[in-house]
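Biologist: Please take a close look at one hairpin in this model and tell me what sits around it in the chain. I would also like to know how far the prediction can be trusted there.

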Amino acid sequence: MKKIGIVILSLGFAATAFAEGYPTELNQRPLTTPMGQLDASASINSAIGLTMGGSYGIHEMLAIGATMTSVGGAMASGLSLQSTLLDNGPVHLAGTLGLALSAGGTLEDSFYQGLSVGLPIRANIMDDRLSFQLPVALSFNSDFDMGFALPLIIAYQANAHINIALGTTICLLYTSDAAD
């Protein structure tokens with residue numbers, strides 16, 4: 001089954017937008033929040049889910065982050081560590097390490113849900129107005145099942161305050177030992 005995700009609305013407030021020299025345009029921002037700065041955002045997607053998150057720069061090229069997502073009454077959250085690997089010209093590359101948590105019914109379900117490693121890539125063209133993003137991720141859940149995701153996001157920076165994004169998953173592979 002093919003899934004298409006469309007970002008209908010992306011609302012965000014970023015304290016970093018007021019920092020001197022930090023761009024308000026999302027396509028021009030580094031993939032990792034700069035040291036000593038806070039970045040917060042919220043978005044609604046086509047699955048009628050709400051995601052809120054934020055990150056804080058703890059070093060020039062290192063940030064910690066947290067997210068909370070609600071889809072159809074289910075809640076999930078996550079913690080992450082992001083590091084800038086390349087921030088030069090139109091190509092940006094970062095590494096991420098994430099821990100997924102869930103608000104399940106039992107204490108075991110509520111705590112550890114998975115570990116992920118990612119390699120977000122963003123390439124900007126047209127004077128940074130159009131970006132192609134590939135937030136590649138490899139994940140493992142508490143049952144040691146493995147998943148690989150290759151989403152594609154195309155974002156257009158209409159002006160300094162409006163960024164319109166369209167996304168889909170190009171490839172989604174997973175393994176499971178669970179019986180069908």
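Modeller: The hairpin to start with joins E10 to E11 through two residues. E10 covers residues 146-159, and strand E11 covers residues 162-174. The two strands run antiparallel and are joined by 12 bridges. One of the pairings is that of Asn159, whose bridge partner in E11 is Ile162.

As to trust, this is a predicted model, and E10 is where confidence is highest, with a mean pLDDT of 91. The lowest mean, 39, belongs to strand E2 (residues 7-13). Over residues 1-17 the pLDDT is below 50, although this stretch has 44 contacts in the model beyond near neighbours in sequence. A second stretch with pLDDT below 50 is residues 105-111, which has nine such contacts. Where pLDDT is low, the predicted coordinates should not be read in detail. For the protein chain as a whole, the mean pLDDT is 79, and 78% of the residues reach 70 or more.

The setting of the hairpin is a chain with one helix and 11 strands. In sequence order the pattern is β-β-β-β-β-β-β-α-β-β-β-β. Of the 180 residues, 23% count as buried. Among contacts with a separation of 6 or more, 37% are between residues 24 or more positions apart. The accessible surface comes to about 11,200 Å², and carbon and sulfur atoms hold 67% of that surface.

Another hairpin is formed by E4 and E5, again with two residues between the strands. E4 spans residues 49-59, while strand E5 spans residues 62-71. Their pairing is antiparallel and extends over 10 bridges. Within it, Tyr56 has Ile64 in E5 as its bridge partner.

Gly49 belongs to E4. With a relative accessible area of 1%, Gly49 falls under the 20% cut-off and therefore counts as buried. Leaving aside neighbours within four places in sequence, the residues in contact with Gly49 are Ser43, Ile44, Ser70 and Val71. Ala74 is 25 residues from Gly49 in sequence, and their C-alpha atoms are 9.5 Å apart in space.

Leu86 makes a useful second case. This residue lies in strand E6 (residues 74-88). Leu86 has 34% relative accessibility, between the cut-offs of 20% and 50%, so it counts as partly exposed. Not counting residues up to four places away in sequence, Leu86 touches Val91, His92 and Leu93. Between Leu86 and Met61 there are 9.7 Å from C-alpha to C-alpha, with a sequence distance of 25 residues.

Finally, there is the matter of charge. Side chains of opposite charge can pair when their charged atoms come close. The structure holds one salt bridge, formed by Asp39 and Arg29, whose closest N and O atoms are 3.8 Å apart. The pair links distant parts of the chain, 10 residues apart: Asp39 is in strand E3 (residues 38-45), and Arg29 is in the loop between E2 and E3. Both Asp39 and Arg29 are buried.

To return to your hairpin, E10 is the element with the highest mean confidence, and its pairing with E11 rests on 12 bridges.

Methods: Residues numbered from 1 in each chain as written. Predicted model: local features only at pLDDT ≥ 70, side-chain atom pairs only at ≥ 80, totals over all residues. Heavy atoms only, no water. Helix = DSSP H or I, 4+ residues; strand = E, 2+ residues; numbered from the N terminus. Buried < 20%, exposed > 50% of the residue type's maximum accessible area, 1.4 Å probe, protein only. Contact = heavy atoms within 4.5 Å. Areas by Shrake-Rupley, 256 points an atom, 1.4 Å probe, with all protein chains shown as cover. pLDDT = per-residue confidence, 0-100. Pairing = 2+ DSSP bridges. Salt bridge = Lys/Arg side-chain N within 4 Å of Asp/Glu carboxyl O.
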